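Work through the exercises below with the model open beside the text. Each task is followed by a solution in steps.

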Amino acid sequence: MRALLVQAGERLVVDCRWSPVARLLAEGGAGAWRPADGTGADVRVEVEPQHRPFDIRGWRPLARGAHVRDRSVVLHNACGSGFDLCLTVVAEQLQVRARWRPPARERIAALLLRSRFHLLVRAVLLQYPALWWAGHHGRVPVHAGAVTLGRSVPLLAGPGGTGRSTLLLRAVADGGRACSDNLCVTDGRDVFGLVEPVRVEGGGGRRMAYGRSERPLPSRVDSLRPDRLVVLCRRPGARPSVRPADPAQAARSLVAGTYMAGELRRYWPFAAALALGTGLGPAHPPVTGAAQELARLLPADELVLGDRPDEGLAALYGLVSRPVARTEERP
């Protein structure tokens, strides 16, 4: 397998010569892979078929399970995935070499907890390196999804389980386009999507946790520029409704949802280790600052969803018909 993803605004080229993992990676980026021949890469990931440990003789211990030399960091059993990673910064490119060397616990978990294993493999090979390199370029991860609705582009934010995926897929089915479902990065103006399947009830694909299954995100685009921030909340038995939200509270919800996201739980120590070992990028991404900037520049609204999240789309379309405020402040 040799192919390219535009991931978090970075060109990520994957070269995987180990067929079992190649199938997992192909599935994780279904519908978004592009030919890599002759294409420059910002992040290059090579999954090696060998299982020998990386030679770290003469390297300095960085932390438990991590060693560093110059601008290279070796992570042993990165994020509990069973893969050892050697990450090296060369000029303006991040190079990642991966070798499958699981301790006994991770080997057993890979067999018994298949959905967990699939998510971890995608995270450490397709997502986290691109997220960190995007952070080096000033982009910050947020747990949100942007989608086009007519002439408007709302950024849908809220903790997991509020119904964002259902709402977003309904919008796409009605002709909209989205850059992500759960995760994206932002520079405070545009949002750049992270490629991953959508996990919803009745998705029809691989079965995952919480009774959900996967499906590719249709009509996906690499990035969007939102014109409003929509905070989702779920109230069983309620009718869909929309009301203006306090900007500070909207930013707080976006920050809280980002730190609550299970997809990022292992990312924070990953990013901190690379920042410390390479001297590049923030040791902690400025999530609060990015959320506050989005809330300052965009009109914010709270969308209350009831028992069926897709019924909230009519309320959101009503929201779109209102004049957009404060956009004159955008750079």
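A cavity is a set of grid points where a 1.4 Å probe fits but cannot get out, and its lining residues have an atom within 4 Å of a point. The model used here is predicted.

**Exercise 1. The largest cavity**

Task: State which residues line the largest cavity, and find which element gives the most to that lining.

Solution.
1. Cavities of 30 Å³ or more number 2 in this structure.
2. The largest cavity holds about 40 Å³ of space.
3. Its lining consists of Leu131, Trp132, Gly135, Arg139, Pro141, Tyr267, Ala271, Pro282 and Pro285.
4. Two elements, α3 and α6, each give two or more residues to this lining. The most comes from α3, with 3 residues.
5. Sorted by class, the lining of the largest cavity has 7 nonpolar, 1 polar and 1 charged residues.

**Exercise 2. Helices α2 and α3, and the second largest cavity**

Task: Describe how α2 and α3 pack, then list the lining of the second largest cavity.

Solution.
1. Helix α2 covers residues 104–112 and helix α3 covers residues 114–136; their axes are 5 Å apart and the packing angle is about 115°.
2. Angles of 65 to 115 degrees count as roughly perpendicular, and α2 and α3 are therefore roughly perpendicular to each other.
3. On the α2 side the contact is made by Ala109, Ala110, Leu111 and Leu112, and on the α3 side by Arg114, Arg116 and Phe117. These residues comprise 5 nonpolar, no polar and 2 charged.
4. The second largest cavity has a volume of about 30 Å³. Gly80, Ser81, Glu106, Ala109, Ala110, Leu113, Arg116 and Phe117 line this cavity.
5. Ala109, Ala110, Arg116 and Phe117 thus appear in the α2–α3 contact and also in the cavity lining.
6. At least two lining residues come from each of α2 and α3, and α2 has the largest share, 3 residues. The lining divides into 4 nonpolar, 2 polar and 2 charged residues.

**Exercise 3. Helix α1 between sheet and helix**

Task: Find what α1 lies across, and decide how α1 is oriented to α3.

Solution.
1. Helix α1, residues 19–28, lies across β2 (10–16), β4 (43–47) and β8 (83–90), and runs at about 150° to β2.
2. The axes of α1 and α3 come within 10 Å and cross at roughly 80°. That makes α1 roughly perpendicular to α3.
3. In this contact, Val21, Leu24, Leu25, Glu27 and Gly28 of α1 meet Phe117, His118, Val121, Arg122, Leu125 and Leu126 of α3.
4. By class, the α1–α3 contact has 7 nonpolar, 2 polar and 2 charged residues.

**Exercise 4. The nine-stranded sheet**

Task: Give the strand order of the sheet with 9 strands, and explain why one side of β3 and of β5 has no neighbour in the sheet.

Solution.
1. The order in this open sheet is β3-β1-β2-β4-β9-β8-β7-β6-β5, with mixed pairing.
2. The edges are β3 (34–35) and β5 (60–63); each has a single partner strand, so one side of each is without a neighbour in the sheet.
3. At one edge, β3 pairs with β1 (residues 2–7) in the antiparallel sense over 2 bridges. Leu4 has Arg34 of β3 as its bridge partner.
4. Edge strand β5 also serves the second largest pocket: β5 and α6 (267–278) each give two or more residues to its lining. The pocket contains about 280 Å³ of space.
5. Among the 15 lining residues, Arg64, Gly65, Leu75, His76 and Cys79 lie nearest the pocket centre. With 4 residues, α6 gives the most to the lining, which divides into 10 nonpolar, 3 polar and 2 charged.

**Exercise 5. The eight-stranded sheet**

Task: Identify the edge strands of the sheet with 8 strands, and state which strands α4 lies across.

Solution.
1. This open sheet runs β16-β13-β12-β10-β11-β17-β19-β18, and the pairing is mixed.
2. Its edge strands, β16 (223–224) and β18 (241–244), each pair on one side only.
3. Between β18 and β19 (residues 300–305) there are 4 bridges in the antiparallel sense; Pro244 has Asp301 of β19 as its bridge partner.
4. Helix α4 (residues 164–173) lies across β10 (140–146), β11 (154–157), β17 (228–234) and β19, at about 55° to β10.
5. Helix α7 (residues 287–297) also packs on the sheet, where it touches β10, β11, β12 (183–186) and β17; its direction makes about 40° with that of β10.

Note on methods:
Residues are numbered from 1 along each chain as its sequence is written. This is a predicted model: local features need pLDDT of at least 70, side-chain atom pairs count only at pLDDT 80 or more; totals for chains, interfaces and linings use all residues. Side-chain values use heavy atoms; hydrogens and water are left out. Two strands pair if DSSP finds at least two bridges between them. Contact means heavy atoms within 4.5 Å. Axes are lines fitted to C-alpha atoms, for helices over the stretch in contact, and angles run from 0 to 180 degrees between N-to-C directions. On a 1 Å grid over the protein atoms alone, a cavity is a set of points where a 1.4 Å probe fits but cannot get out, and a pocket is an open set with protein on both sides within 12 Å along at least five of seven lines; lining residues have an atom within 4 Å of a point. Grid points are joined across faces, edges and corners, and a volume is the space filled by probe spheres set on the points. Ala, Val, Leu, Ile, Met, Phe, Trp, Tyr, Cys and Pro count as nonpolar, Asp, Glu, Lys and Arg as charged, and the others, Gly among them, as polar. Angles under 35 degrees count as roughly parallel, over 145 as roughly antiparallel, 65 to 115 as roughly perpendicular and the rest as oblique.
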